[in-house]
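These are my notes from a session spent looking through one model, entry by entry. I began with the surfaces near the DNA and then turned to the sheet, the domains and a single residue.

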Amino acid sequence: MIKKTIENFSLAQISASGQCFRMDEEADGSFRIIAGDKLLTARQEGKEVEFDCSEDAFEGFWRNYFDLDEDYGKFIAAVDKNDAFLANAVKKGSGIRILKQDLWEMIVSFLISQQNNITRIKRCINNISEKYGEEMTAENGMKYYAFPMPEAMADLPEDALMECNLGYRSKYVVRTSKLVASGDFKLDELPKLGYEEARERLLGLYGVGKKVAECICLFSLHHIDAFPIDTHIKQVLDREYAGSFPLERYAGFAGVMQQYIFFNELEK
DNA sequence: CGCCAGGGGAGCT
DNA sequence: AGCTCCCCTGGC
């Protein structure tokens, strides 16, 4: 068990901010997160956070995953005080972090996300994990399913994942799995690229457009200047900003602001 | 039953 | 850049 005191950190807000589809609150108030093939249980009282894992696992994985070495106070302090809408959104979501999630998992998750709602996205991801992911056993004996590897879905017929409730998105995931499993699309090259290059590379995948590419850049490659505009964000921009957000003011970390706004909109 | 919206994208002009 | 079409599911 690892105990830390952490500023600007909220498991509940991170979970509700819709960037991780495998993070849920349990009946006892703890949170369970599955990241790739790893499982973590964590709980929080105020700034005191308990991570149910070894020191090695915390230092070697979860510290980075939760972006704990970043000072979010500086992002919060940068908010325009004359922007009452954003100031309120940041106040409500000041514990949000931009997670550093697995690249393959984010590609598939946001392929599934299009024209879909968060409840069903989560169910879709659970479905493919149970059917095509490896069964794992946590240290406490709990069984869970790792996120499916590309190889596990690469040889399926294009409509096979309709069984998992993916609908017409099945072919996007199967084709992309084939491309990655065959080595024609090399995942490990992407973290070396800058934002623009990574984004262009991702846009080459079938089913990945501008918005999905930007989500992958933000939530996996940690290009926090990425500012994906989805239907919710567009509604906010039209309603609160006459259609255009002051991106230049938040250059370099606009994606963090995007996440505060998105959270605020979901909580509305 | 129809209609609409949900963290859009492909294909074409 | 903008338009049409695609075409799954859940809620109302």
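Before sorting any residues by class, I fixed the terms: Ala, Val, Leu, Ile, Met, Phe, Trp, Tyr, Cys and Pro count as nonpolar, Asp, Glu, Lys and Arg as charged, and the others, Gly among them, as polar. I also noted that I am working with a predicted model.

**DNA strand C.** With those classes in hand, I looked up the surface near DNA strand C and found two nonpolar residues, three polar and one charged. The residues concerned are Gln115, Arg120, Met162, Asn165, Gly167 and Tyr168.

**DNA strand B.** I then asked how many residues surround DNA strand B. The count is 22, and the closest are Gly18, Gln114, Asn117, Gly209 and Val212. By class I recorded seven nonpolar, twelve polar and three charged residues on the surface near DNA strand B. Which helix gives the most to this surface? I found that H10 does, with four residues, while helix H10 (210-219) and helix H11 (231-240) each supply at least two.

**Helix H11.** I checked how well H11 is covered and noted that it hardly is, since the count of buried residues among its ten residues is one. Ala242, which follows H11, has a positive phi near 50°.

**The sheet.** I traced five strands in an open sheet, in the order S1-S5-S4-S3-S2, with antiparallel pairing. Why does one side of strand S1 (2-5) and of strand S2 (23-25) lack a neighbour in the sheet? Both stand at the edges and each has a single partner strand, so one side of each is left free of a neighbour. From one strand to the next, I noted a twist that averages 25°.

**Pairing of S2, S3 and S4.** I went through the pairs in turn, and found that S2 and S3 run antiparallel and are joined by three bridges, with Met23 opposite Ile33 in S3. Their hairpin has five residues between the strands, and there I found Gly29 with a positive phi near 90°. Strand S3 (residues 31-35) is in turn joined to strand S4 (residues 38-45) by five bridges, again in an antiparallel arrangement. For the partners in S4, I wrote down Ala42 for Phe31 and Leu39 for Ile34. The hairpin of S3 and S4 has two residues between its strands, and Gly36 in the turn has a positive phi of about 65°.

**Domains.** I noted that chain A is divided into domain 1 (2-92) and domain 2 (103-219), whose centres, taken over C-alpha atoms, are separated by 23 Å. At their contact I found eight residues of domain 1 against 13 residues of domain 2. The side of domain 1 that touches domain 2 has three nonpolar, three polar and two charged residues.

**Phe9.** My last entry concerns Phe9, which I located in the loop between S1 and helix H1 (11-16). Is Phe9 buried or exposed? Phe9 counts as buried, because it has 20 C-beta neighbours inside 10 Å, and a residue is buried if 20 or more other C-beta atoms lie within that distance. Leaving out residues up to four places away in sequence, I listed Val49, Gly95 and Arg97 as those that Phe9 touches. I also looked up Phe9 and Ala160, which are 151 residues apart along the chain, and found their C-alpha atoms separated by 39 Å.

Key. Residues numbered from 1 in each chain as written. Chains lettered and ligands numbered in written order. Predicted model: local features only at pLDDT ≥ 70, side-chain atom pairs only at ≥ 80, totals over all residues. Near = placed C-beta within 6 Å. Pairing = 2+ DSSP bridges. Axes fitted to C-alpha atoms, helices over the stretch in contact; angles between N-to-C directions. Buried ≥ 20, exposed ≤ 12 C-beta atoms within 10 Å, placed from the backbone. Domains from an automatic or database assignment. Contact = placed C-beta atoms within 7 Å.
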